[in-house]
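Student: Please take a close look at one part of this model, the largest pocket. I would like the lining described, and then set in the rest of the chain.

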Amino acid sequence: MRLRVEFTTEPFDLDEAPPHAVVAREVIQGAELDAVDVGPFGNTAEGGADEVLTAVDSMLRQALASGATRVSLQVNVIEEEVR
């Protein structure tokens, strides 16, 4: 099964990315995921279910430990390409 995760961390700071946002992005970018897209207002990544769920667990723990007061998260099952 493949999953797509979309998330944002708060509080926002439009002038400079806060530590919790930087940590969250680093976790996702360093995970074994594909189609990673990070941006100032949201982040998206896709991958196998185990890889996504492991990355989300780590991202949540580290973002909260780094000062996030809220993490908005959506996980969707996506169709795998037929080969």
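Tutor: For sorting a lining, Ala, Val, Leu, Ile, Met, Phe, Trp, Tyr, Cys and Pro count as nonpolar, Asp, Glu, Lys and Arg as charged, and the others, Gly among them, as polar. The model is predicted: local features need pLDDT of at least 70 and side-chain atom pairs pLDDT 80 or more, while totals for chains, interfaces and linings use all residues. Residues are numbered from 1 along each chain, and side-chain values use heavy atoms, without hydrogens or water.

By those classes, the lining of the largest pocket divides into 10 nonpolar, six polar and three charged residues. (A pocket is an open set of 1 Å grid points where a 1.4 Å probe fits, with protein on both sides within 12 Å along at least five of seven lines; lining residues have an atom within 4 Å of a point.) The lining has 19 residues, and those nearest the centre of the pocket are Phe12, Pro18, Ala21, Arg25 and Pro40. About 200 Å³ of space lies inside, counted as the space filled by probe spheres set on the points. Helix 1 gives the largest share of the lining, four residues. Strand 1, like helix 1, supplies at least two lining residues. (Helices of at least four residues, H or I, and strands of at least two, E, are DSSP runs.)

Strand 1 and helix 1 are joined by a loop that holds proline 11. The peptide bond between glutamate 10 and proline 11 is cis, with omega about 10°. A second backbone detail belongs to alanine 35, where phi is near 55°, a positive value in a residue other than glycine. Alanine 35 sits in strand 2, residues 34-38.

As for the whole chain, two helices and four strands make up the secondary structure, and their order along the sequence is β-α-β-β-α-β. Along the principal axes, the C-alpha atoms fill a box of roughly 45 × 20 × 20 Å. Of the 83 residues, 33% are buried (under 20% relative accessible area; over 50% is exposed, partly exposed in between). Among contacts (heavy atoms within 4.5 Å) between residues at least 6 apart in sequence, 67% join residues at least 24 apart.

Threonine 8 in strand 1 counts as buried because its relative accessibility is 15%. Leaving out residues up to four places away in sequence, threonine 8 touches Phe41, Gly42, Arg70, Val71 and Ser72. Its C-alpha atom lies 9.8 Å from that of alanine 68, although the two are 60 residues apart in sequence.

Glutamine 74 belongs to strand 4, residues 70-78. This residue is partly exposed, at 42% relative accessible area. With the four places on either side again left out, glutamine 74 touches Arg4, Val5 and Glu6. Between the C-alpha atoms of glutamine 74 and threonine 44, which are 30 residues apart along the chain, the separation is 9.5 Å.

Isoleucine 28 makes contacts with Phe7, Leu33, Val36, Ala45, Ala55 and Met59, on the count that omits residues up to four places away in sequence.

Terms used:
Buried means under 20% relative accessible area, exposed over 50%, partly exposed in between (1.4 Å probe, protein chains only).
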